[in-house]
Amino acid sequence: MKRMLMLVVLMSLCAAAPASAVNPIPDLVGEWMGQVEIHHAAKGFITSKPGNVTFEIIEQVGHTFHGVKTWGMPDGTTHKESFSGVVSADGTHVYIAEHEDGLIMGDLISDTDMALYYLEHGDAPKAMFYELKRVK
């Protein structure tokens, strides 16, 4: 009886191990909204209003995705920039190349929360921290 119980427990553990060892690729398609903290070499420290920046992920195929980032400027104008990205193999990080300039790395905190880190060098160097929440 003890051997049979041990065999059942061992088989249960073996069957459960592969399912827990594999992280599914998170579905990021949708709108992510939040705010950004910036340090700009010429302008100093800047913090946007909540909801001032949106990342819309339009399409995702496997680990890769693309979309559009929209953000408001203090003068009331709105800017847009396309991007391409990839989800890490373990499904917990993102890496994004903006189509005009800059690179973004990020952490997928939950199904509804993402933290992004932007770096740009050159004539107008800056570093940014985005805190985003899924809108839909």
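Is S82 buried, partly exposed or exposed? S82 counts as partly exposed, because its relative accessibility is 33% and the partly exposed class runs between 20% and 50%. Keep in mind that this is a predicted model.

Now place S82. This residue lies in strand 5. Leave out residues up to four places away in sequence. S82 then touches G67, V68, E98 and H99. Take F55 as well. S82 and F55 are 27 residues apart in sequence. In space, their C-alpha atoms are 9.4 Å apart.

Stay on strand 5, which covers residues 78–87. V86 sits there too. V86 is partly exposed, with a relative accessible area of 32%. V86 also belongs to a nonpolar patch on the surface. Its partners in that patch are Y95, M105, Y117 and L119. Together the five have about 420 Å² of accessible area.

Next, the inside. In soluble globular proteins, nonpolar side chains tend to be buried together. Here, the largest nonpolar core has 20 residues. Which of them touch the most other members? They are L28, F55, F65, V94, L116, Y130 and L132. Several strands each supply at least two residues of this core, among them strand 1 (30–40), strand 3 (53–61) and strand 5. Strand 6 (93–98), strand 7 (103–108), strand 8 (113–120) and strand 9 (126–134) do so as well.

Last stop, F65. Set aside its neighbours within four places in sequence. F65 is in contact with V86, the patch residue we met earlier. Other contacts of F65 include L28 and V94, both on the list of core residues that touch the most other members. F83, S84, G85 and V87 are also among the contacts of F65.

Note on methods: Residues numbered from 1 in each chain as written. Predicted model: local features only at pLDDT ≥ 70, side-chain atom pairs only at ≥ 80, totals over all residues. Heavy atoms only, no water. Patch = residues over 30% accessible without salt bridge, like charges linked within 9 Å, V, L, I, M, F, W, Y side chains within 5 Å. Areas by Shrake-Rupley, 256 points an atom, 1.4 Å probe, with all protein chains shown as cover. Salt bridge = Lys/Arg side-chain N within 4 Å of Asp/Glu carboxyl O. Helix = DSSP H or I, 4+ residues; strand = E, 2+ residues; numbered from the N terminus. Buried < 20%, exposed > 50% of the residue type's maximum accessible area, 1.4 Å probe, protein only. Core = buried A, V, L, I, M, F, W, Y, C linked by side-chain atoms within 4.5 Å. Contact = heavy atoms within 4.5 Å.
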